[in-house]
Amino acid sequence: MKLNTGIEKLNEILGGGIDDKSSVLLLASPLVDKSSFAQHIFSTRISEEDKGIYLTTSKIPEQIEKNLEEHGWETKNIKYVDCISSTLGKEQKTKYFLKEKLIDGTNILPKISELWDKAIKETKGFKIDIFDSLESIMGYRIDETVDFINNLKKSHGGSTAFFLLTDWGYEKEKIEKIKTCFDLVIELGSVEKKYLWMDYFFVGASPKIFFWITLTGVNLYIPKILVTGPYHAGKSTTVKNLSEGSISVDRVSTTVALDHGYIERKGIICDIFGTPGQERFDWILKVLSKDIWGIILVIDSTAPETFGRAKEMLKKVEGEKLLFVVFANKQNIPNHLEIEEIKKRIGYADILPVNALESESLEKGFKVLINKIFKV
């Protein structure tokens, strides 16, 4: 059985979701918010009527609940195991809490295990648990750490268990041994890309999927997609009907500067920019083409005489070196050219039939481009 993670692209990579009753390591580089990433998945399961246990060694339960509430995530049906408040000198407000301090020099691993076992035995019907985070035990010998993790896994009661770890430069051998303890490892990292510092996740040999954590949770993030094409091809309509909101600088129903739209839905955040089609505005193409991640080339299926201009515009934004798709617009008009004929005339492979007045065909074409971007 596969469990929905609430992150569509992660579900796709995993063949439908995370395996039920599996153990999962979220291994993060510094600066990546692994807790919010895990809480998105955790909340998705809770919203689908699962019960959960959240053991924390890094944040007090009140901070975790506040983060859940700020994102609009579920806070019901969660039992907290508080292993940090004593260390911070805070009052323990949960039923399950560690009396000892994490840094008092004694071996507190058995105490944490005992507390974990107690919470599991006394929580009926729970199906997901989180250990946030393993950094608190990384000071122990590798055999002690591995034994501790394996003992926790044995006692997690057939639930799906997530263990969180930030790699603060630990020995590679230690990290590799820890990874072998788990059924699945999801790695989170960050990288500077096109002048932006971006977070990503990947599983095994899968592509890196860039994401951004907003108030709506984990979203795939694409900073800039360009929509270009000849005069009256339907670029402004495409931007408008793809976007939650858009603006256009136009005069007498034709764009004279640019269109801008914003997409935030189905786990994707993206800014899209539309160019004017007239040649006198070609100077702006070079400006708008900086740092783009993908291109939608819109053509008029009823006007083959404009195909040369479309190819010229794509070259001006160096689009043939980038990821792009062609939207063959006006496929609803009787005298349109069929897709195969357009392919012969224009010489590109990814040509998609659309009617820019209808969002459904635009969504299908947009998804093709998104999939191409995230396969890089």
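Q: Buried means under 20% relative accessible area, exposed over 50%, and partly exposed in between (1.4 Å probe, protein chains only); with those cut-offs, is K330 buried, exposed or partly exposed?
A: This is a predicted model, where local features need pLDDT of at least 70, side-chain atom pairs count only at pLDDT 80 or more, and totals for chains, interfaces and linings use all residues. Residues are numbered from 1 along each chain as its sequence is written, and side-chain values use heavy atoms, with hydrogens and water left out. K330 has a relative accessible area of 21%, so K330 is partly exposed.

Q: Which residue forms a salt bridge with K330?
A: A salt bridge here is a side-chain nitrogen of Lys or Arg within 4 Å of a carboxyl oxygen of Asp or Glu. The closest N and O atoms of this pair are 3.0 Å apart. K330's partner counts as buried because its relative accessibility is 10%, and that partner is D300.

Q: In which helix does the salt-bridge partner of K95 lie?
A: Helices (H or I, at least four residues) and strands (E, at least two) are DSSP runs, numbered from the N terminus. K95 meets E122 in a salt bridge at 3.2 Å, N to O. K95 sits in the loop between α4 (85-88) and β6 (96-97), so the pair ties together parts 27 residues apart in sequence, and E122 lies in helix α5 (residues 109-122).

Q: How many salt bridges does a search of the whole structure find?
A: One of the pairs is D19 with K2, at 2.8 Å, N to O. There is also a network of salt bridges linking R45, E48 and D50. Over the whole structure, the search finds 23.
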